[in-house]
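Visitor: I would like to take a close look at a single part of this protein and understand how it sits within the whole. Could you choose one and go through it slowly?

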Amino acid sequence: MIQKLFITIFLGMGLTAAAQVHHPASAHKDVQPAAACEQAYTDSIHALKDSLFSRKPQGRRPDSTLQRNAMQLFMPLTYYGSVTEGLFTRDRKDNPFLAELMHLYLSRPDLVAGTDRKIRMQQGRLDEIETPIRHDVKLVEKVTGQPAEPQTAPVEIMVLRPNFWTFQGDYALQFLQNYVTGNWYKGGESNYSALASLVMQANYNNKQKVKWENRLELKYGMQSSRSDSLHSVKSTEDLIRLTSKLGLQATKRWYYTVQFIGNTQFSRSYRSNDPKVYAAFLSPLNLNLSLGMDYAVDWLDHRLKGNFHLAPLAYNMKYARMLELSDRLGIDEGRHFLHDFGSEFTVDLEWKLLEQLSWKTRLYGYSTYKRSELEWENTFTFRFNRYISSRIFIYPRFDDGVRRDDHHAYWQLKEFASIGFQYSF
């Protein structure tokens, strides 16, 4: 502490002497006028210029200390302890900035903004910060990357015209064979029978207003019997029937409909041991044209489908090619045609009772003021697999336009069972 005190007193005395040597007038005045300070500062600038560009020590490079003191002169005025110490070293003549800075310290102490000690203290405080600065990081959801753009390749596009037609078909060929010996205790006779059927449909539906349904049904069955001495084979089933229906949609389920039904048979029909012909091709030929409405059925989770046709206005024509059959078919004797008007209805349904068992039914009715016809066709089909099936056909019929039978009146019934080949598409 004593050594520091002596050094401070000595330095103060040296600074005062140095100031008097360079500026004698400053010893008599405490503060120079503003013009004198400005002149002194200008002289300092000139002295800096001379020392940097004119006065260079011989054989040596410009001192880095000289450059550092020059920078201190142009920075905000700060008291540096090295300035006071430099006045008493041998480098005083080579560094004129020391005297200039000391002159500013003594003449304008009000301009001194700080000391080098304060600068070092501030620097020390910054160095003492050891705890790393941490930033609060907020986690955000990961941003999904941009999907890779698919590689493009030329594709040929073919535009097809919409096809509103659908086609369906059902083929069946079934056989029945029965063999009985002559001495069978219950009697009976051997016989063979076969039945072939074909159902084809072509339907048009543009999914907007127009619907056109067409169905062609062909059936023919034969049977042989030893007891029939006149005919080796006889027909058991004979049908040609075309149904065409054109509808214009009224609501979701209802259609305004025009329906045409025409039916006849392939060949002549006989009875056992009887040469009389009971029916033949175009004898009869029935044509029915009706105007009414249709209701589309789609019930029981699409298991029951079909339609109801109700026609308050219908025209019916019956034709007999063979005049000898006219009276039996309900046509006036000696005439080929019968024309009448009435009302007609048709019900066509298909119900899938089980996975292998289905029921198709067709109920047809026509009535005038003079006569009535009612036909109810029922076909139960049990499919063993895709190609083998068994069928039961029940067909009751009522017609009061023909001659009344003494036993069955106007009712007629037909029934058969068969097993054989069946294919649908």
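Guide: What follows is a close look at one loop, then at the strand after it, and finally at some other parts of the chain.

This is a predicted model, in which local features need pLDDT of at least 70 and side-chain atom pairs count only at pLDDT 80 or more, while totals for chains, interfaces and linings use all residues. Residues are numbered from 1 along each chain as its sequence is written, and side-chain values use heavy atoms, with hydrogens and water left out.

The protein chain has six helices and 16 strands, where helices (H or I, at least four residues) and strands (E, at least two) are DSSP runs numbered from the N terminus. The part chosen here is the loop between strand 9 (274–279) and strand 10 (285–299), where Ser283 is found. Leu282 belongs to this loop too, as does Pro284.

Is Ser283 buried or exposed? Ser283 is buried, because its relative accessibility is 0%; buried means under 20% relative accessible area, exposed over 50%, and partly exposed in between (1.4 Å probe, protein chains only). Leaving aside residues up to four places away in sequence, Ser283 touches Thr264, Tyr319, Ala320, Arg321, Met322, Leu325 and Leu329, a contact being heavy atoms within 4.5 Å. With Arg321 there is also a polar pairing, since a polar atom of the Ser283 side chain lies 2.9 Å from the backbone nitrogen of Arg321. Such a polar contact is a pair of N or O atoms within 3.5 Å; within protein, one must be able to donate a hydrogen and the other to accept it, and residues adjacent in sequence count only if both atoms are side-chain atoms.

The backbone of this loop deserves attention as well. Most residues other than glycine have a negative phi, and most peptide bonds are trans. Here, however, the peptide bond from Ser283 to Pro284 is cis, with omega near 10°, and Leu282, although not a glycine, has a positive phi near 65°. Leu282 counts as partly exposed because its relative accessible area is 22%.

Beyond strand 10, in the loop that leads to strand 11, lies Leu300, another residue other than glycine with a positive phi, of about 50°. Its relative accessibility is 45%, so Leu300 is partly exposed.

Side chains of opposite charge can pair when their charged atoms come close. Asp294 and Lys245 do this through a salt bridge of 2.9 Å, N to O, a salt bridge being a side-chain nitrogen of Lys or Arg within 4 Å of a carboxyl oxygen of Asp or Glu. Because Asp294 lies in strand 10 and Lys245 in strand 6, the pair ties together parts that are 49 residues apart in sequence. Both Asp294 and Lys245 are buried.

By the rule just given, the count comes to 19 salt bridges. One of them joins Asp348 and Arg215 at 3.2 Å, N to O, and since Asp348 lies in strand 12 (residues 337–352) and Arg215 in strand 5 (residues 210–225), this pair ties together parts that are 133 residues apart in sequence. Asp348 and Arg215 are both buried.

Strand 10 also takes part in the surface, for strand 3 (165–178) and strand 10 each supply at least two residues of a nonpolar patch. This patch covers about 1200 Å², and among its residues are Trp165, Leu289, Leu291 and Leu313, with Leu313 placed in strand 11 (residues 304–319). Patches are made of residues with over 30% relative accessible area and no salt bridge, like charges being joined within 9 Å and nonpolar side chains (Val, Leu, Ile, Met, Phe, Trp, Tyr) within 5 Å; the areas come from the Shrake-Rupley method with a 1.4 Å probe, and for residues only the protein chains shown count as cover.

A last point concerns confidence. The chain averages a pLDDT of 80, and 73% of the residues score at least 70; pLDDT is the predictor's confidence in each residue, from 0 to 100. Over residues 1–32 the pLDDT is below 50, and this stretch has 22 contacts in the model beyond near neighbours in sequence. Where pLDDT is low, the predicted coordinates should not be read in detail.
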